[in-house]
Amino acid sequence: MLFWVIAAVLTLGGSLAVLLPLAAGPKASADGPSHDLEVYRDQLSELDRDVERGLIQPAQADQARAEIARRILRLDPAAEKAASAKSSGFSRLLATAAVLAVPLVSWGFYAGLGSPDLPSQPLAERLTKNPADSTVDELVAQAETHLAANPSDGRGWDVLAPIYLRMQRFPDAVTAYRNAIRLDGESAARQAGLGEAIAGEAGGIVSSDAQAAFDAALKLDPANVKARFYLALGMAQEGRNDEATAGWQALLAMLPQDSPWREAVVAALSRAGKPKAGPGETAGGPTRDQIEAASSMSAEDRGTMIETMVASLDEKLRQNPRDWDGWSKLVRSYMVLGKADQARDALKRGVAAFGADTDEARRLAAFAASLGLAATE
């Protein structure tokens, strides 16, 4: 009932604020017939003064008086007032109807669709409602509120960390996993989750910190699938494709048929073993014949051969620039050869090829940063 009283008072106040000025009627216009009549009278007086000073001939003055008289006769104050009153009356009627229609229509809609008796739900009350009736965001907010008041609750951090991970809130996930490990101790799941969060924060790059977390997980559980998968991924990112492939194949052999990891491992093996420059070779990599020939070369000749292959990879990327693996190999190769400027130039060209705001460009920049290289622009 209180709601309807308040709504009625507000509606009445708003309506009166518009209706009262309308009821007062229009103000007298300064440009009406009475004003014109005063102007013509001033013109007649001025005309008489000009005749007295000899500025105008009497005959001309008579003609001017006759013209002013005709203009005065054309004035019709009564008709003007009637037209003005009719127009203003119609405008006031239309405006009044519009002002009254707004609250009537809005109240009618609200009465049928609204819920004035529904109690308010402040945030504090929404956070304490049944979890089964809460959204994921509300559950996360509940957990964050609890941990803000109880930062030493390791169990709370342990529960919240994987949720942050699924929501791709990687920095928050890193903090939550570190707190859970600090308060409740190490476990394979916590260390593997921490490694995944660190890699996610770096744009998918398995950095040294992430590798350390995955290694810790394997010490606690040598069969931890997540740790083994990401360690193999780190090898692939470093160019150790044979080791990465071996790691993924061993992982695939131990996975049950219904494991959700099988698809990811098969896809990773497909990417690692996909030829990109012809049968028996990877993009920019040496063939078996080249490897055998290099074993019998001098150090200088081997260096020349490596530089030739790197230059070949560089040329292929200029023709087909949308190849993330190729760019990462090129940047790494230039860094190994000690050509930091050319590595930086390759990084810039790779970022430009994908677009600076794309995931591929961010991954490439993060990969280069892990090698100690950062773009200057």
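Helix α6 has 14 residues, which at 1.5 Å a residue should span 20 Å; its end C-alpha atoms are 20 Å apart, so the two values agree. This helix belongs to a predicted model. Within α6, the residues E138, V140, Q142 and L147 are buried.

The secondary structure of the chain consists of 18 helices and zero strands. The chain has 377 residues, of which 28% count as buried. Among contacts between residues at least 6 apart in sequence, 51% join residues at least 24 apart. A UniProt record, an unreviewed entry, lists residues 154-187 as "repeat: TPR". In the model this span is 82% helix and 0% strand, and its end C-alpha atoms lie 13 Å apart.

The largest nonpolar core has 37 residues. Those with the most contacts inside this core are L194, F214, F229, W248 and V265. At least two residues of the core are supplied by each of α6 (136-149), α7 (154-166), α8 (170-184), α9 (188-201), α10 (208-220), α11, α12 (241-254) and α13. The largest share, seven residues, comes from α11. Another core, of 19 residues, lies apart from this one, and A343, L364, F367 and A368 are among its members.

F229, listed above among the core residues with the most contacts, was examined further. With a relative accessible area of 9%, F229 falls under the 20% limit and is therefore buried. Leaving aside neighbours within four places in sequence, F229 is in contact with W248, L251, W261, A264, V265 and A268.

A search of the whole structure for aromatic pairs returns four. One of the pairs joins F229 and Y230 in an edge-to-face arrangement, with 5.5 Å centre to centre and 85° between the planes. Both F229 and Y230 are buried. F229 also pairs with W261; here the arrangement is tilted, with 5.4 Å centre to centre and 50° between the planes. Because F229 lies in helix α11 (residues 225-237) and W261 in helix α13 (residues 261-273), the pair ties together parts that are 32 residues apart in sequence. W261 has a relative accessible area of 22% and is thus partly exposed. Since a nonpolar core is made up of buried residues, and buried means under 20% relative accessible area, W261 at 22% does not qualify for a core. Ring pairs link F214, F229, Y230, W248 and W261 into a cluster. Of these residues, F214, F229 and W248 are listed among those with the most contacts inside the largest core.

A ring is also involved in a contact with a charged group: the charged end of R363 sits over the ring of W324, 4.1 Å from the ring centre.

A further position considered is A64, found in helix α3 (residues 58-74). A64 has a relative accessible area of 25%, which lies between the limits of 20% and 50%, so the residue counts as partly exposed. From C-alpha to C-alpha, A64 and L47 are 8.0 Å apart in space, while in sequence they are 17 residues apart.

Key: Residues are numbered from 1 along each chain as its sequence is written. This is a predicted model: local features need pLDDT of at least 70, side-chain atom pairs count only at pLDDT 80 or more; totals for chains, interfaces and linings use all residues. Side-chain values use heavy atoms; hydrogens and water are left out. Helices (H or I, at least four residues) and strands (E, at least two) are DSSP runs, numbered from the N terminus. Buried means under 20% relative accessible area, exposed over 50%, partly exposed in between (1.4 Å probe, protein chains only). UniProt positions are given in the numbering used here, feature names are shortened, and annotations may be inferred rather than shown by experiment. Rings of Phe, Tyr and Trp (its six-membered ring) pair if their centres lie within 6.5 Å; planes under 30 degrees apart count as stacked, over 60 as edge-to-face and the rest as tilted. A charge sits over a ring if NZ of Lys or CZ of Arg is within 6 Å of the ring centre and within 35 degrees of the ring normal. A nonpolar core is a set of buried Ala, Val, Leu, Ile, Met, Phe, Trp, Tyr and Cys residues joined through side-chain atoms within 4.5 Å. Contact means heavy atoms within 4.5 Å. The expected span of a helix is 1.5 Å times one less than its number of residues.
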